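The report below describes how the strands and helices of one protein model are arranged. Please keep the sequence and the structure in view while reading.

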Amino acid sequence: MLIGLTGRNAAGKGEVAKYLQTKSFYYYSLSDAIREELRARKLEVSRESLIQVGNELRQRFGPSILADRIVELTRPDRNYIIDSIRNPAEVATLRKACREFKLIRVDAPLQTRFERTVARRRENDPMTFEAFVALETREASGDPMSQNLDEVEKLADEILVNDSSLEELRPKIDVMVSRLLTTAQRPGWDQYFMDIARVVASRSNCMKRKVAAVIVLDKRIISTGYNGTPRGTKNCNEGGCPRCNNLATSGTGLDECLCSHGEENAIVQASYHGVSLKDATIYSTFAPCLMCAKMIINSGIREVVYNLDYPLNDSAFRLFNQARVNVRQLKLK
């Protein structure tokens, strides 16, 4: 799960993040990328400079750039708390990255937040109520390429009110996060196996297209395969396949292709290790070609689940239908 934090100055986002780190959440702040940029430029890190350089980065690289950089650091087996979300495009990126992303708006009354700002005595913080309000007004809205808290707050899934002490805030956090975690949806079996197939595809050495398949029986993976040149020969990405290395037009020069397909390799690997595929299901990142369709049918596999269409598979689908092999498409992002 990714929990994102947004809210106004001194609302308590940092305290929420700090507390969740004690509950095994990993922490990132979108403003960390801005701080790195400031350090590279040998500029002072202040609230003013963070706002200015953050908006500059969004203008140069797009409004989601800070979230894009953080998403690259996350892993699917961990829970994260992500602070300093200030642009709607950042929210969109985090939602796309994780189906269990939740945006929390941390809120507190204006006067309370001003008093906290004065009490913490940070350098460059506004020390008068008028200056505090002026800074907040400037942060509240902006164009699509800059900081825009007004629009981000409208996207919040939850509101966490922090209008008293930390002792009263922490039980509220416990209740809210426990509810979010217990209602989180884990992936279904189809998505689980297809996600694994997409990871297997990353091992492919093919220059043209990375494809993989996993074969499953009774919800247990019994074989995997990805496309590439045969065992003991030069890898495709090392010049092993003339067709792929010449970047042949799709559908042409197939008689020169030395790469075995992902489904083919999964079936051959099962045979190599003496594993029966009778009544199994094969999950493939692409729809099987005619050659692989024949192998699938003859191996005893009874169901094919694929993610993306392959442009030359009409004959394969007709053959599957004749052989009574069930075929389903599972579209994933």
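In this predicted model, Val214 has Thr224 of strand 7 as its bridge partner. Strand 6 and strand 7 pair in the antiparallel sense over six bridges, where two strands count as paired if DSSP finds at least two bridges between them. The two strands form a hairpin with two residues between them, and Asp218 in the turn has a positive phi of about 55°. Helices (H or I, at least four residues) and strands (E, at least two) are DSSP runs, numbered from the N terminus.

Residues are numbered from 1 along each chain as its sequence is written, and side-chain values use heavy atoms, with hydrogens and water left out. Because the model is predicted, local features need pLDDT of at least 70 and side-chain atom pairs count only at pLDDT 80 or more, whereas totals for chains, interfaces and linings use all residues.

The hairpin belongs to an open sheet of five strands with the order 7-6-8-9-10 and mixed pairing. Strand 7 (220-226) and strand 10 (326-329) stand at the edges with a single partner strand each, so one side of each is left without a neighbour in the sheet. On average, and with direction ignored, neighbouring strands of this sheet are turned by 20° against each other. Within the sheet, strand 8 and strand 9 run parallel, and Tyr283 has Val305 in strand 9 as its bridge partner.

Another open sheet of five strands has the order 2-3-1-4-5, with parallel pairing. Here strand 2 (26-29) and strand 5 (158-161) are the edge strands, each with a single partner strand, so one side of each has no neighbour in the sheet. The average turn between neighbouring strands of this sheet is 25°, direction ignored. Strand 1 and strand 4 run parallel, with Ile3 opposite Lys102 in strand 4.

| Strand pair | Residues | Bridges |
|---|---|---|
| Strand 1 and strand 4 | 2-7 and 101-107 | six |
| Strand 8 and strand 9 | 281-286 and 303-308 | five |

Helix 1 (residues 13-21) lies across strand 1, strand 2, strand 3 (80-83), strand 4 and strand 5, running at about 160° to strand 1. Helix 5 (residues 88-97) also packs on the sheet, where it touches strand 1, strand 3 and strand 4, and its direction makes about 140° with that of strand 4. Such angles run from 0 to 180 degrees between N-to-C directions, with axes fitted as lines to C-alpha atoms, for helices over the stretch in contact.

Which way do helix 13 (residues 290-299) and helix 14 (residues 314-322) run, given that their axes come within 8 Å and cross at roughly 20°? That angle makes helix 13 roughly parallel to helix 14, a description used for angles under 35 degrees, while those over 145 count as roughly antiparallel, 65 to 115 as roughly perpendicular and the rest as oblique. Leu290, Ala293, Lys294, Ile296 and Ile297 in helix 13 meet Ser315, Ala316, Leu319 and Phe320 in helix 14, contact meaning heavy atoms within 4.5 Å.

Helix 2 (residues 31-40) and helix 3 (residues 47-61) pack at about 100°, their axes 9 Å apart, and are therefore roughly perpendicular to each other.

As for confidence, pLDDT is the predictor's confidence in each residue, from 0 to 100. The protein has a mean pLDDT of 91, and 98% of its residues reach 70 or more. Confidence is lowest in helix 11 (residues 242-245), at a mean of 80, and highest in strand 6 (residues 212-217), at 98.
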